[in-house]
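Grab a pencil and your favourite viewer: here are a few short exercises, each with a worked solution. Try each task before you read on.

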Amino acid sequence: MTLDTNALLIILTGALIAISCGFLGVFLLLRKMSMTGDAISHAVLPGIVIGFFVSGSQRSLEVIIGAGLLGILSTLMIDALRKKAKVQLDASIGITFTLLFAIGIILINLFAYKVDLDQECVLYGEIAYLPIDLWITPSGLNLGPRITWLAGLNFFLVTGFIYLLFKELSLTSFDEHFSSAIGIPAKGINLALMSMVSYTTVSSFESVGAILVVALLVVPPSTAYLWTKSLIPLLRLTAALGILIAILGYYLAYWIDSSIAGMMVAVAGAFFFGSALIKGNWPLGLRGTSKPSPAFDS
Amino acid sequence: MEDFLYFFTFQDPSITWVVLGITLLGIGSAYVGTFSFLDKKALLGDAISHAVLPGICLGFVLAGEKDPRYIVTGAFLSGALATFLSSWLKQNTKLSEDSIIASILSVFFGIGIVALTAIQKSGNPEVAGLNSFIFGNAIGIAEADLFLYGGLSLAILLVLSLFLKEFRLMVFDPGFGKAIGFPMKGIRFVFNVLLILAVVIGIQAIGVVLMAALLITPGAAARFWTDRLQPLLLLAAFFSILSGILGTYISFVLPQMPTGPWVVVFLSLIALLSFIFSPKSGVIRRFLARRSYLNKTHRDHLMKALFKAKEANREVLSLEEIHALYPFHKKEIAHSLQVLTKQGLVLQDSQGVRLSPQGTSDAMRIVRLHRLWEVYLNESMNIAPDHVHESAEQMEHLLTPELEALLEQRLNYPTLDPHQETIPRESHDA
């Protein structure tokens, strides 16, 4: 394979992951649940480790199921802390994800002799090794990089999920009470969205790492939100940003010889801060035209 | 057991150092974290702890080795930049606070990863220690570094204790503080500096990702035991020290175990136990309080029904009639009757249930409160007579004798409620 094919594959995979994450992130943003997305991406760690331990492989269905279950568990735990124990939302999120993440690291150390899974790889995987990791059928047919297929499947599922449940998702995001009143199971939709976030986290953690998934979940939608407030343009802009981030991130990382996933996030951050500078209330003298929103209200 | 004794008698000076270090770090971050928890900015600490990574890398590049002074300075500067950016974004864009925090956190962390990878590929042999910032390494803190971190921690404690009043104002009522002439912006600035410092020294022991727990969890757990600020701070510090020592002990006994995650697990355990068992506002306590209130309302309703029957000149209600009044509540009725009989408020015989003299008086009071409240709503609040019943259904269980006397006085001892029913009083009947 020439460098160009590799570059194309890496950019394609990066863009697919960025778009899947971005689409889900738009709905998280509209629900003011960005930090919940962050919490989920940390909290899936024990699920990944247990799935890995049970099946002995990073690529198994057990890993995805384990992570999905942990993702849902963390959503439920945040909800229970908030509603049953009356802990404020930000603290519920903080307590939940740190506890689950700590358990994950402890499990990694516990199974260290059996499991070839180190903490760094879970946290910030490496997309650059993608062209070596090929999916070869038992008959010896080379189908190309495995992770690209995974990212494609994930992209397909996420877009399918949003396409099929578009009305329900947007209604529950904008007006939960109205949507419950007309018979949409708001809680069920919410759990479905959280499961998709967990699944996307797992399917991406090998290539971009669990923490950088958060960046792709949050930063492109936030950037797009600075430019538009309508849902469809928001989704389009997020997708466009995802592709741009993948291309620029790859070439910049290649140029300074560093982590591609990290560079994708850095590029996303540059777009974010640039947009904030342009669209923020600028100059400072005009401040006060928009009200600062109260902290984590809901 | 031998391990236990060896560890807790502190014979080994290195154990003493580690425990001392983790105690100082724990107190510092528990104090600062409790304030930011009360300020409802708990996750800002999480953002800062991710955001210091680029600064750590920068400090490392500038010093060329793992010099704690450079690293602390670098970490502090990038934490400060992140704090400044988040408050700038909050004031100048329409983004909500949680997306701002999540964006800052992930972007800074991403940049940090880029820098870390670039440094690792540069082949500097000193680089191995840098990873310990991500996951923390309490055991690995050198004694020399401990003086720097311990000193900073003490400084944090000192500033927080000296300016307790100012920080209390910032958390509970910044508007009032501004009105009586305190420089609230300056106070918040100092607090942010302390928060960043606490994070910078805390991640040595516990790592970037889990730092949030050291800040948030002790305060959240302690909040369940007290409402006052000083006991809250002391309790948070105590929880933090306790889990710090337990975590260190685990990684001493099982050397392959990392310290930080165990500290977090113990902290969370304390927090979860507090949430469940706290006698003030724990889950069990609130469940019991709710159940006893529901039982009381049900008993009140039953006595009211008996009293109303009495008003209609029927002394005795049969069990079937009571069941018909409250369908689907067979179990509750049986329970209420049992309790009421035991208290001597109702009498049961073969004909059915009747009120005892004491029960009549108690039931009369409930009906009186109900009707008084209806009169009050109707006359003083101008609410239509057909809208007052629902509210009275709730208030009849809550009004105290003092409020009752006040209502009677205000309404000038009315005789009829808005539905033209008599308001029963002792002198009347007896």
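**Exercise 1. Count the positive and negative side chains of chain B, and find how far apart the centres of the two sets lie.**

Solution. A quick word first: this is a predicted model. Start with the counts: chain B carries 34 positive side chains and 36 negative ones. For the positive set, take Lys and Arg; for the negative set, Asp and Glu. Then compare the centres of the two sets, which sit 3 Å apart.

**Exercise 2. Work out whether chain B is a compact globule or more spread out than one.**

Solution. Begin with the secondary structure: chain B has 20 helices and 2 strands. Next, take its radius of gyration, 32 Å, and set it against the 22 Å that the globule rule gives for 430 residues. The value for chain B is well over the rule, so the chain is more spread out than a compact globule. For the dimensions, look at the C-alpha trace of chain B, which spans about 95 × 55 × 35 Å along its principal axes.

Now turn to burial and contacts. Of the 430 residues in chain B, 53% are buried. Among contacts in chain B with a separation of 6 or more, 70% link residues 24 or more positions apart. Finish with the surface: about 19800 Å² of chain B is accessible, and carbon and sulfur atoms hold 63% of that.

**Exercise 3. Place Lys32(A) and Asn313(B) in their loops, and classify each as buried, partly exposed or exposed.**

Solution. Take Lys32(A) to begin with. You'll find it in the loop between helix H1 (3-30) and helix H2 (34-43) of chain A. Its phi is positive, near 55 degrees, and the residue isn't a glycine. With a relative accessible area of 43%, Lys32(A) falls between the 20% and 50% cut-offs, so it is partly exposed.

Then do Asn313(B), in the loop of chain B between helix H14 (283-311) and helix H15 (319-325). Here phi is about 65 degrees, again positive in a residue that is not a glycine. The relative accessible area of Asn313(B) is 70%. That is over the 50% cut-off, so Asn313(B) is exposed.

**Exercise 4. How many disulfides does a search of the whole structure find, and are Cys21(A) and Cys57(B) buried or exposed?**

Solution. Recall that a disulfide is a covalent bond between the sulfur atoms of two cysteines. Searching over all chains gives 0 disulfides. For the two cysteines, apply the under-20% cut-off for burial. Cys21(A) has a relative accessible area of 0%, so it is buried. Cys57(B) comes out at 2%, so it counts as buried too.

How values were computed
Residues numbered from 1 in each chain as written. Chains lettered and ligands numbered in written order. Predicted model: local features only at pLDDT ≥ 70, side-chain atom pairs only at ≥ 80, totals over all residues. Heavy atoms only, no water. Helix = DSSP H or I, 4+ residues; strand = E, 2+ residues; numbered from the N terminus. Rg over C-alpha atoms; globule rule 2.2 N^0.38 Å. Buried < 20%, exposed > 50% of the residue type's maximum accessible area, 1.4 Å probe, protein only. Contact = heavy atoms within 4.5 Å. Areas by Shrake-Rupley, 256 points an atom, 1.4 Å probe, with all protein chains shown as cover. Charge placed at Lys NZ, Arg CZ, Asp CG, Glu CD. Disulfide = S-S within 2.5 Å.
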